[in-house]
Amino acid sequence: MVYIINALIVILYGLIVKTFAKKRWKKLFFFLSFLHLFLLHALRNPYVYEDNDYYAEAYINIGDFSFIESITPSIQYPIMGQGYLFYNWLLNHISHDPVFFFSVTSLIIIWGITSFIYKYSYEPIWSTCFFILSPSLLDMSFFVLRQHLAAIF
């Protein structure tokens, strides 16, 4: 129900922006939808997804790695690529809190997806609604965190 309400909100502000900001409506809609989706995505409890306890624990542990350990294959985390290890290591040196990690990851995922919608969609309002309502996109992006982060790049 929350996702349906959010999709309706997107349609409402999308139509308002399209009506009143005729020349620059797509840029304004991009900004509003990015902000909306980021808040919806980042403010969820990331620990309701079973993988995220592992990601949070790994984030804390990878912060103790040396720089060299963060860019070479890890024995402790063999399924994680070097780029992902370095990403964790870098963020951990800014903040040790896993909430910061999940928020920045959410920011990157949502920025990438809304940028794609902005660039390639003829009707970004409907594309954004589809993204909100599709469980394999918005809802699953924190369940398979590394894959959705990698898809953006």
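A cavity here is a set of grid points, laid over the protein atoms alone, where a 1.4 Å probe fits but cannot get out. With that in mind, let's look at this predicted model.

**The cavity**

By this rule there is one cavity of 30 Å³ or more. The largest cavity holds about 50 Å³ of space. If you would like to find it in the viewer, select its lining: Lys26, Phe29, Phe30, Ser33, Thr114, Ile117, Tyr118, Pro124 and Thr128. By character, these lining residues divide into five nonpolar, three polar and one charged.

Three helices each supply at least two residues of that lining, as the table shows.

| Helix | Residue range | Share of the lining |
|---|---|---|
| helix 2 | 25–42 | at least two residues |
| helix 6 | 98–120 | at least two residues |
| helix 7 | 124–133 | at least two residues |

Of these, helix 2 makes the largest contribution, with four residues of the lining.

**Asn92**

Now to another spot worth a visit. Asn92 belongs to helix 5, which spans residues 82–92. Is the Asn92 residue buried or exposed? Its relative accessible area is 3%, and because buried means under 20%, Asn92 counts as buried.

What does Asn92 touch beyond its neighbours within four places in sequence? Its contacts there are Tyr59, Ile60 and Gly63. With Tyr59 there is also a polar approach: a polar atom of the Asn92 side chain lies 2.8 Å from the backbone oxygen of Tyr59.

Terms used: Residues numbered from 1 in each chain as written. Predicted model: local features only at pLDDT ≥ 70, side-chain atom pairs only at ≥ 80, totals over all residues. Heavy atoms only, no water. Buried < 20%, exposed > 50% of the residue type's maximum accessible area, 1.4 Å probe, protein only. Polar contact = N/O pair within 3.5 Å; in protein donor to acceptor, adjacent residues only side chain to side chain. Contact = heavy atoms within 4.5 Å. 1 Å grid on protein atoms, 1.4 Å probe; cavity = no way out; pocket = protein on both sides within 12 Å on 5 of 7 lines; lining within 4 Å. Points joined across faces, edges and corners; volume = space filled by probe spheres on them. Nonpolar A, V, L, I, M, F, W, Y, C, P; charged D, E, K, R; others polar.
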